[in-house]
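Visitor: Hi! Could you walk me through this one while I have it open on my screen?
Guide: Happy to. Let me put it up for both of us.

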Amino acid sequence: MAHRLSSPLYRRLSSSFSTATKGKVPLLYKSPEINEDNGNEAVTLQVLSWGRGASGQLGGGIEEIRIYPSPVANLLFPHASFSLSPTPGKTQNQDQKDQTLHSVGISCGLFHSGLVVGGKLWMWGKGDGGRLGFGHENPAFVPTLNPHLDSVSFVALGGLHSVALTSKGEVFTWGYGGFGALGHRVYHRELVPRLVEGNWSRNIRHIATSGTHTAAVTESGDLYTWGREEGDGRLGLGPGRGPNEGGGLSIPSKVKELPTPVAAVSCGGFFTMALTEDGQIWNWGDEGKVLSWGHGGHGQLGHSSIQNQKVPATIEALADKRVVYIACGGSSSAAITDEGKLYMWGNAKDQQLGVPGLPEVQASPVEVNFLMEDDGLGTHYVLSVAVGACHAMCLVSRSPC
């Protein structure tokens, strides 16, 4: 880490970071319901980002490195009038399923980021392969509204592609189609969002994606996966379900070996995590526990080792906490407790865990703390988190919910 801290590049980026974060945080969204009569009762949500942002994925308008979580944008709502969109890894209660007004969600891809607010989708970061969905491949260094989608309830960003779920239960994908990650039975790129025509009989209620594989959960709890499969089992389809072209499976396929309906799923670089409606899959333990499996070479499984895990295993460091939210990145992972605390583990090479001074491989969960701003907004209560390859974002409430 020392060589990076002393390099001319790091000094230049750190200087830019200091200038950017000392300025006023942009107000990206203000509810039309806020007026002079209820303005004092408004709730401020903040989008924060950290890690390496050489492609603009941190949303600050410049290339930079952020070693602590730092604000990107403010969102202003009337008190108790917003809900979290069904982000990958997050279970929903019935109120959240029914409420679409002021739904808020975030996602991180390889070098791009996304934000859903009130059915609208903002994207920023690297544009190669068409992953931003603007109809071209140019980058965006600040959050930019995507004009090609409406009624968006959910966004999940992958390596060179993106996935969105609408309020009608439809799945759209765009970007680079290699390895079948778009689910269109073809392998070319899509510069604007395109509908995925899967063979599921019920509407989709939950989506997740990562570097090159994607997952979707139906209203009945069935899990479908598609994308890259190299024999590590990340698609969960079992033996005999190999790639149909170029190392990938471009047709959405049902994961049949799950006896319990799935409530939420999250995809890592070479691994997958899932939560069931009753909190158990196979012998996965009690509700609120987190289990992980797959490639563990960067400590991203959270088992205090870098060994691979071929069957689900509980993360013991979080066993005494009630986890309500999980997220996987390329080689890092995160969890949020019911107390609004954020824990991260895995690859820390690019400051993507938000805790300075960690080794490059952090194999057990550590709590992420926030710098207190002199803005009068109060403490940080973490609502959601998203993890990319070398950056991360979270959504926090700065006033009581």
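Guide: Let's start with a sheet: five strands make an open, mixed sheet, running in the order β1-β3-β2-β26-β25. Keep in mind that this is a predicted model.

Visitor: Got it. Which strands are the edge strands there?
Guide: β1 (27-30) and β25 (381-387), each of which pairs on one side only.

Visitor: And how are neighbouring strands turned against each other, on average?
Guide: By 20 degrees, with direction ignored.

Visitor: In what sense do β2 and β26 pair, and over how many bridges?
Guide: Strand β2 (residues 43-53) runs antiparallel to strand β26 (residues 391-397), and seven bridges link them. Within that pairing, Leu 48 sits opposite Cys 394 of β26.

Visitor: Nice. What about the largest nonpolar core, which residues have the most contacts inside it?
Guide: Those are Leu 45, Leu 75, Leu 115 and Leu 395, in a core of 34 residues.

Visitor: Let me pick Leu 395. What is it in contact with, leaving aside neighbours within four places in sequence?
Guide: Quite a list: among them are Leu 45, Val 47, Leu 75, Leu 84, Val 104 and Ile 106, and also Tyr 381, Val 382 and Leu 383. Polar partners turn up too, including Gln 46 and Ser 384.

Visitor: Which residues does the second core include?
Guide: That separate core has 20 residues, including Trp 50, Tyr 325, Phe 370 and Cys 394. You met Cys 394 a moment ago, as the residue opposite Leu 48.

Visitor: Switching to rings. How many aromatic pairs does a search of the whole structure find?
Guide: Four. Take Trp 200 and Tyr 224: their ring centres are 5.4 Å apart and the planes meet at 75 degrees, so this pair is edge-to-face.

Visitor: Where do Trp 200 and Tyr 224 lie?
Guide: Trp 200 is in the loop between β12 and β13 (204-209), while Tyr 224 belongs to strand β15 (residues 223-228), so the pair ties together parts 24 residues apart in sequence.

Visitor: Is Trp 200 buried or exposed? And Tyr 224, buried or exposed?
Guide: Trp 200 is buried, at 14% relative accessible area. Tyr 224 counts as buried as well, with 8%.

Visitor: What kind of aromatic pair do Trp 200 and Trp 226 form?
Guide: A tilted one, with 6.0 Å from centre to centre and 35 degrees between the planes. Trp 226 is in strand β15 and Trp 200 in the loop between β12 and β13, so this pair joins parts that are 26 residues apart in sequence. Trp 226 is buried, its relative accessible area being 0%.

Visitor: Which residues form an aromatic cluster?
Guide: Tyr 29, Phe 77 and Phe 82 form one.

Visitor: And what lies over the face of Phe 179?
Guide: Arg 228 does, at 3.9 Å from the ring centre.

Visitor: Back to strands for a second. You mentioned β12; what sheet is it in?
Guide: An open, antiparallel sheet of four strands, ordered β9-β10-β11-β12. Its edge strands are β9 (152-157) and β12 (190-195), and the twist averages 20 degrees from one strand to the next.

Visitor: How many bridges do β11 and β12 share?
Guide: Three, with β11 covering residues 171-175 and the pairing antiparallel. One bridge has Phe 172 partnered with Leu 195 in β12.

Notes:
Residues are numbered from 1 along each chain as its sequence is written. This is a predicted model: local features need pLDDT of at least 70, side-chain atom pairs count only at pLDDT 80 or more; totals for chains, interfaces and linings use all residues. Side-chain values use heavy atoms; hydrogens and water are left out. Two strands pair if DSSP finds at least two bridges between them. Helices (H or I, at least four residues) and strands (E, at least two) are DSSP runs, numbered from the N terminus. Axes are lines fitted to C-alpha atoms, for helices over the stretch in contact, and angles run from 0 to 180 degrees between N-to-C directions. A nonpolar core is a set of buried Ala, Val, Leu, Ile, Met, Phe, Trp, Tyr and Cys residues joined through side-chain atoms within 4.5 Å. Buried means under 20% relative accessible area, exposed over 50%, partly exposed in between (1.4 Å probe, protein chains only). Contact means heavy atoms within 4.5 Å. Rings of Phe, Tyr and Trp (its six-membered ring) pair if their centres lie within 6.5 Å; planes under 30 degrees apart count as stacked, over 60 as edge-to-face and the rest as tilted. A charge sits over a ring if NZ of Lys or CZ of Arg is within 6 Å of the ring centre and within 35 degrees of the ring normal.
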